[in-house]
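Please look through the structure shown below before reading on. The paragraphs after it are meant to guide a reader who has not met it before.

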Amino acid sequence: VSTQSTGSSGINAEYGGLSMGTMICGWDKRGPGLYYVDSDGQRTTNYMFSVGSGSTYAYGVMDTGYRYDMSVEEACELGKKSIMHAGHRDAMSGGVVNLYHMREDGWVKVSQTDISQMYYQSLDEKK
């Protein structure tokens, strides 16, 4: 994972011209890894990232709900909620939450949910 993010960083720095932010995650001999690589080739690792025009909305939800000791189910729900709020407030963020969980043995698709449906359901639950 670290090697892949380094390669992407080098390509982005060399060819440039695109405005993008990419998250690269996976599992290697050191365990799980998560990297953010931007269009200038800047490469950062951390425990969570949000990328794109709606990321400020997602960060607000993530910063409020994140705990170090979250279960996989709690983390998935927080991820869905974060993406839902980003997608609802930012028209360029898309209309669907595609949620995947990266495990040691590969990807698992958790869900694919319509953002509008999620948002209005969450409003009904608040009543």
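The text that follows treats the sheet, then the pockets, then the salt bridges.

The model is a predicted one. A convenient place to begin is the open sheet, which has three strands in the order β1-β2-β3, with antiparallel pairing. Its edge strands are β1, covering residues 21-28, and β3, covering residues 43-45, and each of these pairs on one side only. From one strand to the next, the twist averages 25 degrees. In general, the strands of a sheet pair through backbone hydrogen bonds, and the pairing may be parallel or antiparallel. Between β1 and strand β2, which spans residues 31-38, there are eight bridges, and the two strands run antiparallel. To locate one of these contacts, the reader may start from glycine 26, whose bridge partner in β2 is glycine 33.

The pockets come next. A probe the size of a water molecule, rolled over the atoms, shows where empty space is left. The largest pocket holds about 1,500 Å³ of space. Its lining consists of 43 residues, and those that lie nearest the centre of the pocket are Met23, Leu34, Phe49, Leu99 and Tyr100. Which elements supply at least two residues each to this lining? They are β1 and β2, together with α2 (55-65), α3 (72-89) and β4 (96-103). Helix α3 gives the most, with nine residues. In character, the lining of the largest pocket divides into 27 nonpolar residues, 15 polar residues and one charged residue.

The second largest pocket has a volume of about 240 Å³. Its lining is made up of Glu77, Lys80, Lys81, Met84, His85, Met118, Gln121, Ser122, Glu125 and Lys126. The elements that give two or more residues to this lining are α3 and α4, the latter covering residues 115-126. Helix α3 is thus named for both pockets, as it also supplies residues to the lining of the largest pocket. How do the residues around the second largest pocket divide into nonpolar, polar and charged? Two are nonpolar, three are polar and five are charged.

The last topic is the salt bridges, of which the structure holds four. Arginine 67 forms one with aspartate 69, and the closest N and O atoms of this pair are 3.0 Å apart. Arginine 67 also forms a salt bridge with glutamate 74, where the closest N and O atoms are likewise 3.0 Å apart. Arg67, Asp69 and Glu74 are accordingly linked in a network of salt bridges.

Are the members of this network buried or exposed? Arginine 67 is partly exposed, because its relative accessible area is 37%, and this value falls between the limits of 20% and 50%. Glutamate 74, at 35% relative accessibility, also counts as partly exposed. Aspartate 69 is exposed, since its relative accessible area is 56%, and exposed means over 50%.

A further salt bridge joins arginine 103 to aspartate 105, with the closest N and O atoms 3.1 Å apart. Here arginine 103 is partly exposed, with a relative accessible area of 36%, whereas aspartate 105 is exposed, with a relative accessible area of 62%.

Terms used: Residues are numbered from 1 along each chain as its sequence is written. This is a predicted model: local features need pLDDT of at least 70, side-chain atom pairs count only at pLDDT 80 or more; totals for chains, interfaces and linings use all residues. Side-chain values use heavy atoms; hydrogens and water are left out. A salt bridge is a side-chain nitrogen of Lys or Arg within 4 Å of a carboxyl oxygen of Asp or Glu. Buried means under 20% relative accessible area, exposed over 50%, partly exposed in between (1.4 Å probe, protein chains only). Two strands pair if DSSP finds at least two bridges between them. Helices (H or I, at least four residues) and strands (E, at least two) are DSSP runs, numbered from the N terminus. Axes are lines fitted to C-alpha atoms, for helices over the stretch in contact, and angles run from 0 to 180 degrees between N-to-C directions. On a 1 Å grid over the protein atoms alone, a cavity is a set of points where a 1.4 Å probe fits but cannot get out, and a pocket is an open set with protein on both sides within 12 Å along at least five of seven lines; lining residues have an atom within 4 Å of a point. Grid points are joined across faces, edges and corners, and a volume is the space filled by probe spheres set on the points. Ala, Val, Leu, Ile, Met, Phe, Trp, Tyr, Cys and Pro count as nonpolar, Asp, Glu, Lys and Arg as charged, and the others, Gly among them, as polar.
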